Amino acid sequence: MFTEKEDREKILELVAEYCRNHHNQNKDFEPGDRIGYAGRVYDEKEMVNLVDSALDFWLTAGRYTDEFEKKLAEYLGVKYASLVNSGSSANLLAFMTLTSPLLGERRILPGDEVITVACGFPTTVTPMLQYGVEPVFCDVTIPQYNIDVAQLESALSPKTKAVMIAHTLGNPFDIRAVKAFCDKYQLWLIEDNCDALGSTVDGRFTGTIGDIGTSSFYPPHHLTMGEGGAVYTNNALLNKIIRSMRDWGRDCVCPPGCDNFCGHRFDRQYGELPTGYDHKYVYSHFGYNLKATDMQAAIGCAQLEKFPEFVEARKKNWKLLRELLADTQDRLILPEALPGSDPSWFGFMITVRSDAPDGETGESASGSVTGETASGSVTDESTSGRLTANDLITALEKANIQTRRLFAGNLTKHPCFDHLRKSGSGYRIAPGGLATTDRIMQDTFWIGVYPGMTEEKIRFMAQTIRTAIRE
């Protein structure tokens, strides 16, 4: 008869052996093998943690959640980090935090405006529209694919309350300029850091420079829990609101399974409730249940130990791919990092030039592109005789190499915006239009540089692109 501890140790030893025997990720690459744009990178540590948590059968947030939140905050150098069930939930929670009555005059209300971009992932913008706030879409730039800070002043109105934008594919947006703009006009700044965990600007981690940062731990991201995300801040009041809204909107700060943490569970009066009403069921916000499970957090704890290595691998893979494609720049626009930044790259962006085949660039020093109108629409320029993004995408996919567009491309062109476009309300485009956003929608895609890439895969991707250009 074994003790519970001995039984657990035997089980976990077998789990580790099983993972080593049947989850080998080090298969030699051969041309024709699938090359994903991203993927899970793990070993027996993640699987052992997962089963260890399952044996607890606690299921909701518990000891691994506490450990992950603490270690993530320590890594980023922030005071508070809250684990949630997805990156989209993290964005929802970050935005809704700014609608709290506790923020007084700075509270975001329906009818207010938030500056953002249309060239990105939709769940950065979705919470605004669902709450009745109007997103104001600024254009972006090539080859950094982030907000054009020259449009910030023209996007501002008396109704502007915040800026909420993402660091695109790990490349930080010009946060110095954006932060200065927000400070000047007393605007909140939410950094959607879902694709940029580990990136730095002037030595500071992205996601920690604004008021609130968000992360995603979906399998393709910088670390994975399968599903999961996080919201982090240095502001104690914002953290209080984040915790409340994540945990059903309750006023109580007791962790799951704990009662009377504050020592005043039955002796206070709230709202118009009777004195002594159970504090565990007092709600100070209209909240949600956005918690992750402890099993997800257990995987995250193992991933976090490997995270610095993941970041270095992403940088190394991106650098090699750019070197291999350096002599294609007469046909392709290759990505460039924000000066003064050190990106933890999520992917490698490629834009096909709209040039004639003779190599004339057609690009101005400012990054503007021929074939586009000032209103932001793309002209019906014929692509006959020139390389297109679809040419390269087709060649890569035929070679079993995954590609991805820059998410929505131009979010305002999607079916979910049909009723808003027809009504002419619900959002606003900043003066200057979205010409580059539309260009990216047509001519831009990206491929992976995640830590599971090998040098052989990187070289094969580069060679496939070079062959497609020649053909």
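## Sheet, helices and aromatic pairs in a predicted model

Helix α3 (residues 63-76) lies across β1 and β9 (229-233), and the helix runs at about 135° to β1. Helix α8 (residues 236-246) also packs on the sheet, where α8 touches β1, β5, β8 and β9, and the direction of α8 makes about 15° with that of β1. The model described here is a predicted one.

The sheet itself is open and has eight strands, which follow the order β1-β9-β8-β5-β4-β2-β3-β13 with mixed pairing. At its edges stand β1 (80-84) and β13 (428-429), each of which has a single partner strand, so one side of each is left without a neighbour in the sheet. Strands of a sheet pair through backbone hydrogen bonds, in either a parallel or an antiparallel sense. Within this sheet, strand β5 (residues 188-192) and strand β8 (residues 212-216) pair in the parallel sense over three bridges, and Asp 192 has Thr 214, in β8, as its bridge partner.

Aromatic residues form a further theme, since the structure holds 15 aromatic pairs. Two of them are set out below.

| Pair | Centre to centre | Angle between planes | Arrangement |
|---|---|---|---|
| Tyr 37 and Trp 446 | 5.3 Å | 85° | edge-to-face |
| Trp 318 and Phe 348 | 5.7 Å | 50° | tilted |

Tyr 37 lies in the loop between α1 (4-22) and α2 (44-56), whereas Trp 446 belongs to strand β14 (residues 444-448), so this pair ties together parts that are 409 residues apart in sequence. Both Tyr 37 and Trp 446 are buried, and these two residues form one aromatic cluster together with Phe 121, Phe 346 and Phe 407.

The pair of Trp 318 and Phe 348 likewise links distant parts of the chain, with Trp 318 in helix α9 (residues 294-324) and Phe 348 in strand β12 (residues 347-352), 30 residues apart. Trp 318 counts as buried at 11% relative accessibility, and Phe 348 is buried with a relative accessible area of 0%.

An aromatic ring can also be found beneath a charge in this model, for the charged end of Arg 106 sits over the ring of Trp 188, 3.7 Å from the centre of that ring.

Finally, Ser 157 is placed in the loop between α6 (152-155) and β4 (160-166). With a relative accessible area of 19%, Ser 157 is buried, because the cut-off for that class is under 20%. When residues up to four places away in sequence are not counted, Ser 157 touches Glu 113 and Arg 428.

How values were computed: Residues are numbered from 1 along each chain as its sequence is written. This is a predicted model: local features need pLDDT of at least 70, side-chain atom pairs count only at pLDDT 80 or more; totals for chains, interfaces and linings use all residues. Side-chain values use heavy atoms; hydrogens and water are left out. Helices (H or I, at least four residues) and strands (E, at least two) are DSSP runs, numbered from the N terminus. Buried means under 20% relative accessible area, exposed over 50%, partly exposed in between (1.4 Å probe, protein chains only). Contact means heavy atoms within 4.5 Å. Rings of Phe, Tyr and Trp (its six-membered ring) pair if their centres lie within 6.5 Å; planes under 30 degrees apart count as stacked, over 60 as edge-to-face and the rest as tilted. A charge sits over a ring if NZ of Lys or CZ of Arg is within 6 Å of the ring centre and within 35 degrees of the ring normal. Two strands pair if DSSP finds at least two bridges between them. Axes are lines fitted to C-alpha atoms, for helices over the stretch in contact, and angles run from 0 to 180 degrees between N-to-C directions.
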